[in-house]
Amino acid sequence: MRVLIPSPLLSYTRVREVAASGTTMAELLADLDRQFPGIRHRMIDEQDQVRPHMRIFVNGEQSFDLDQALASSDVVQIIQALSGG
Amino acid sequence: MPGNSVVIQEIEVAEVAARLQSGQRTVLVDVRDPDEHESGCLAGALLLPRALVARSIETLVPDKDTPVVAYCAVGIRSAMTAMTLMAMGYTQVWSMRGGFDEWQRSGHAWVVPSPDGEAAPLGTEQATRYARHLRLPEIGMAGQAKLLAARVLCIGAGGLGSPTSLYLAAAGIGTLGIVDDDRVELGNLQRQIVHTTASIGMPKVDSAAGMLSALNPDVRVTRIRTRLTAENALAILADYDVIIDGSDNFATRYLVNDAALRLGKPVIHAAIQGFEGQLTVFAAAGAPCYRCVFPDPPPAEFAPSCREAGVLGVLPGVLGVLQATEAIKLILGIGDNLVGRLLSYDALSMRFTELGLRRDPECPACGSGSGKK
């Protein structure tokens, strides 16, 4: 599925949009981490919670649940709080 | 058709203006359609669309020796009307050459009739300055009056604050407060377009105030040359109707959120980095606030400033103009605002995506967690 990467994580992927797979959010994040080692840790803390400055959206709706089922047609967008003005 | 023709008498706009100024008895008849009339007309003009002239003129102007000046947009419909009136026996009838368009072009005063039929005067210069707003049914005279009475606070006179304040000033926001404690630097000018090369070294609030006043002298610019702190935030925000967050650090963003929540003020939020921008509105009780969306800032090592990470110069232009748009809509009470929605913009792919935001019932600022702070 399509995954949109925020500016602060471009150092991992180099590109704004990547393809990854998984039937759940947890699997998707694991696949992203296989492709781009270290990226999962930037999004998910040691308690398997989405870090409070990162937000994950599936088809435009916010997702907090790593068990959330995903379909290959879903679009996942990750954002990070930005401070620049 | 010689012999049958009626000679239409045309009158120049300057002559009409002179007649009105000298107090010569003159009935002005606006023969345009009501929507044209409502967007602006000569003071005291009777609205009588051309199709109704023959039926109604004798009721409105019973004395057929009354001097009548008919006008339309460019002078064609009024010429036909003048013919009709002469055929009906009116003895002193003129069609204003060039119509209302020529009247405006010549810089003569005009007014916008208010919904109750009374003409609400706007200074000639204001009527011209805001003419494109006055023509919009969503704004009109009543909306422009709201803008002129509005008080908007821009937090930051930087990348976002520059375009936001410029467009708000241009729109005629009556009072613009600018909070910033920095001075203009050469490295700002790639994006901070309210400042100029000549203002390098000046306090940003002074530089911005000069530019905004030059753009629109109607705007009262309040310079607040300080850094927003927990001590002064409530007092500063309290004086304004709408808060624009164009700050450049997380501490100020959380401070703006918390103070605005306490005061019940809407915040138009935007943030940028690189080629990416985010925009939303925090405004309504029961809707998400900034802490609902991002409960904590990122660790410093993962949150580089624009100075460190870089930013496309035009990026804050896009986001700042959208902030100004949301502020104007909020003041006017028109359209749908971005409460509960985050607009994410990627300049490289030229893609806007809309993301639904959720309120956190446990939010330490606006939810049940707020008492625990």
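1. Buried residues of α9(B). In this predicted model, the buried residues of α9(B) are B:G161, B:S162, B:P163, B:T164, B:S165, B:L166, B:L168, B:A169 and B:A171. The helix covers residues 161-171 of chain B. Nine of its eleven residues are buried, so the element is mostly covered. Straight after α9(B) comes B:G172. The phi of B:G172 is positive, near 90°.

2. B:L166 and its contacts. B:L166 sits in helix α9 of chain B. What is its relative accessible area? The value is 16%. B:L166 counts as buried because buried means under 20% relative accessible area. Setting aside residues up to four places away in sequence, B:L166 touches B:I193, B:V194, B:M211, B:L212 and B:L215. As a distance check, take B:E276, which is 110 residues from B:L166 along the chain. The C-alpha atoms of B:L166 and B:E276 are separated by 22 Å.

3. Domains of chain B. Chain B is split into domain 1, residues 10-110, and domain 2, residues 150-372. How far apart are the centres of the two domains? Taken over C-alpha atoms, 48 Å separate them. Helices in chain B number 15, and strands also number 15.

4. Overall form of chain B. The radius of gyration is 27 Å for chain B, against a value near 21 Å for a compact globule of 373 residues. The C-alpha trace spans about 90 × 45 × 40 Å along its principal axes. Read these figures together with the domain division: domain 1 ends at residue 110 and domain 2 starts at residue 150.

5. Burial, contacts and surface of chain B. Of the 373 residues in chain B, 52% are buried. Take the contacts between residues at least 6 apart in sequence: 64% of them join residues at least 24 apart. The exposed area of chain B is about 16,600 Å². Carbon and sulfur atoms supply 55% of that area. Chain B has 33 positive and 39 negative charges. The mean positions of the two sets are 2 Å apart.

6. Layout of chain A. Chain A has three helices and five strands. Reading from the N terminus, the order is β-α-β-α-α-β-β-β. Its C-alpha trace spans about 35 × 25 × 25 Å along the principal axes. The radius of gyration of chain A is 12 Å. That agrees with a compact globule of 85 residues, because such a globule would have a value near 12 Å.

7. Burial, contacts and surface of chain A. Buried residues come to 58% of the 85 in chain A. Among contacts with a separation of 6 or more, residues 24 or more positions apart account for 47%. Chain A exposes about 3,600 Å². Of this, 49% comes from carbon and sulfur atoms. Chain A carries 8 positive and 11 negative side chains. The centres of these two sets lie 10 Å apart.

8. A:I5, buried in a loop. A:I5 lies in the loop between β1 (2-4) and α1 of chain A. Is A:I5 buried or exposed? A:I5 is buried, because its relative accessible area of 2% is under the 20% limit. Which residues does A:I5 contact, leaving aside neighbours within four places in sequence? They are A:L10, A:T13, A:V15, A:R16, A:V18 and A:I78. A:Q68 is 63 residues from A:I5 along the chain, and their C-alpha atoms are separated by 19 Å.

9. A:R14, a positive phi. Most residues other than glycine have a negative phi. A:R14 is not a glycine, yet its phi is positive, at about 70°. A:R14 is found in the loop between α1 (10-13) and β2 (17-19) of chain A. With a relative accessible area of 68%, A:R14 is exposed.

10. A:N59, a second case to check. A:N59 is also a residue other than glycine with a positive phi, near 50°. Its place is in the loop between β3 (54-58) and β4 (61-63) of chain A. A:N59 is partly exposed, with a relative accessible area of 47%.

Notes
Residues are numbered from 1 along each chain as its sequence is written. Chains are lettered from A and ligands numbered from 1 in the order in which they are written. This is a predicted model: local features need pLDDT of at least 70, side-chain atom pairs count only at pLDDT 80 or more; totals for chains, interfaces and linings use all residues. Side-chain values use heavy atoms; hydrogens and water are left out. Domain bounds come from an automatic or database domain assignment. Helices (H or I, at least four residues) and strands (E, at least two) are DSSP runs, numbered from the N terminus. The radius of gyration is taken over C-alpha atoms; the globule rule is 2.2 Å times the number of residues to the power 0.38. Buried means under 20% relative accessible area, exposed over 50%, partly exposed in between (1.4 Å probe, protein chains only). Contact means heavy atoms within 4.5 Å. Accessible areas come from the Shrake-Rupley method with a 1.4 Å probe; for residues, only the protein chains shown count as cover. Lys and Arg count as positive and Asp and Glu as negative; His and the chain ends are not counted. The place of a charge is taken as NZ of Lys, CZ of Arg, CG of Asp or CD of Glu.
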